[in-house]
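Colleague: I would like to go through this model feature by feature. Please give the general idea each time, then the case here.

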Amino acid sequence: MIRVVTLDSFDEKQIAKLCQTLYTAFGVGSEHSGQKEVPADMSDPLDAEKLLTEMKGIRAYEDDKVLFITSRKLKERELAGGKTPTPGFAQYNKSRAIISTHGFKDLEASFKPVARNALQQIGHLWGLHHCLDPRCSMYPPWTPSFSSGEPTFCTFCRDKSEQKLRLAKS
């Protein structure tokens, strides 16, 4: 199950549409599991890694994946090549990820790039790496074409995600 937890107010219809997109992409249940408050000691921009570690009270089973959604800016990450914007972050091969809609007017107008980001972060939770196919949601998000693509997987990444899901269920 993919549990979508909002950290800010979002249109329920758009969250339902996102859950449907996640269901279509992964073939597992996806539901909005409510809204939670960001810990009081966290300031903007949010530290994605720290937030994922500190968020408590999320009811989930061992094999569930939790996707947090916020409209707040996430803190830039320091990489070997310098600082990079952080539209999303996932605990690779674990259970929690976060995406930000910061910089977008609203979820409806920016649905495709937000949904692609969500698919990518959940893909990382199931151990998927970045893909070389620009049509795939696992394509690197720092590329100019990422935001214009459809929220789907290429055949290879779809097969890999299905293999990971089968392994998780057995």
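Modeller: We can begin with a loop residue. Arginine 135 lies in the loop between H3 and H4. Keep in mind that this is a predicted model.

Colleague: Is arginine 135 buried or exposed?

Modeller: Exposed is the word for a relative accessible area over 50%. Arginine 135 has a relative accessible area of 62%, so arginine 135 is exposed.

Colleague: How far apart are the C-alpha atoms of arginine 135 and glutamate 150?

Modeller: Two numbers are read together here, the separation along the chain and the separation in space. Arginine 135 and glutamate 150 are 15 residues apart along the chain, and 7.0 Å separates their C-alpha atoms.

Colleague: Which other pairs can be read in that way?

Modeller: One is valine 5 with glycine 34, which are 29 residues apart along the chain and have C-alpha atoms separated by 5.4 Å. Valine 5 belongs to strand E1 and is buried, at 1% relative accessible area. Another pair is threonine 86 with glutamate 76: ten residues along the chain, and 5.4 Å between the C-alpha atoms. Threonine 86 sits in the loop between strand E5 (82-84) and E6. Its relative accessible area is 6%, and threonine 86 is therefore buried.

Colleague: How should I read the salt bridges, and how many does a search of the whole structure find?

Modeller: The test is a side-chain nitrogen of Lys or Arg within 4 Å of a carboxyl oxygen of Asp or Glu. Seven salt bridges are found when the whole structure is searched. Take arginine 3 and glutamate 31, whose closest N and O atoms are 2.6 Å apart. Arginine 3 is in strand E1 and glutamate 31 in strand E2 (residues 30-35), so this salt bridge ties together parts that are 28 residues apart in sequence.

Colleague: What is the accessibility of each partner, arginine 3 and glutamate 31?

Modeller: The partners are read one at a time. Arginine 3 is buried, with a relative accessible area of 10%, whereas glutamate 31 is partly exposed, at 33%. The pair also belongs to a network of salt bridges that links Arg3, Glu31 and Asp64.

Colleague: Which residue forms a salt bridge with aspartate 47?

Modeller: The partner is lysine 75, and the closest N and O atoms are 4.0 Å apart. Aspartate 47 is in the loop between E2 and helix H2 (48-54), and lysine 75 is in the loop between E3 and strand E4 (77-79), so the pair ties together parts that are 28 residues apart in sequence. Aspartate 47 counts as partly exposed at 28% relative accessibility, and lysine 75 counts as partly exposed at 43%.

Colleague: Where do glutamate 162 and arginine 158 lie?

Modeller: Both are in helix H4, four residues apart, which is about one turn of the helix. They form a salt bridge with closest N and O atoms 2.8 Å apart. Glutamate 162 is partly exposed at 26% relative accessibility, and arginine 158 is partly exposed with a relative accessible area of 26%.

Colleague: Which residues form the negative surface patch?

Modeller: A patch is read from residues with over 30% relative accessible area and no salt bridge. The negative patch here is formed by Asp11, Glu12, Asp106 and Glu108. One of these, glutamate 12, lies in helix H1 (residues 12-26).

Colleague: How many residues does the largest nonpolar core have?

Modeller: For a core, look at which buried nonpolar residues are joined through side-chain atoms. The largest nonpolar core has 32 residues, and those with the most contacts inside it include Ile2, Leu22, Phe26 and Phe153. Among the elements that give two or more residues to this core are strand E1 (2-6), H1 and helix H4 (155-169). H3 gives the most, with seven residues.

Colleague: What should I read from the backbone angles?

Modeller: Omega describes the peptide bond, and phi is read residue by residue. A cis peptide bond, with omega about -5°, joins aspartate 44 and proline 45. Proline 45 is in the loop between E2 and H2. Asparagine 93 is not a glycine, yet has a positive phi of about 65°. Asparagine 93 lies in the loop between strand E6 (88-90) and E7, and is partly exposed at 49% relative accessible area.

How values were computed. Residues are numbered from 1 along each chain as its sequence is written. This is a predicted model: local features need pLDDT of at least 70, side-chain atom pairs count only at pLDDT 80 or more; totals for chains, interfaces and linings use all residues. Side-chain values use heavy atoms; hydrogens and water are left out. Patches are made of residues with over 30% relative accessible area and no salt bridge: like charges are joined within 9 Å, nonpolar side chains (Val, Leu, Ile, Met, Phe, Trp, Tyr) within 5 Å. Accessible areas come from the Shrake-Rupley method with a 1.4 Å probe; for residues, only the protein chains shown count as cover. Lys and Arg count as positive and Asp and Glu as negative; His and the chain ends are not counted. The place of a charge is taken as NZ of Lys, CZ of Arg, CG of Asp or CD of Glu. A nonpolar core is a set of buried Ala, Val, Leu, Ile, Met, Phe, Trp, Tyr and Cys residues joined through side-chain atoms within 4.5 Å. Buried means under 20% relative accessible area, exposed over 50%, partly exposed in between (1.4 Å probe, protein chains only).
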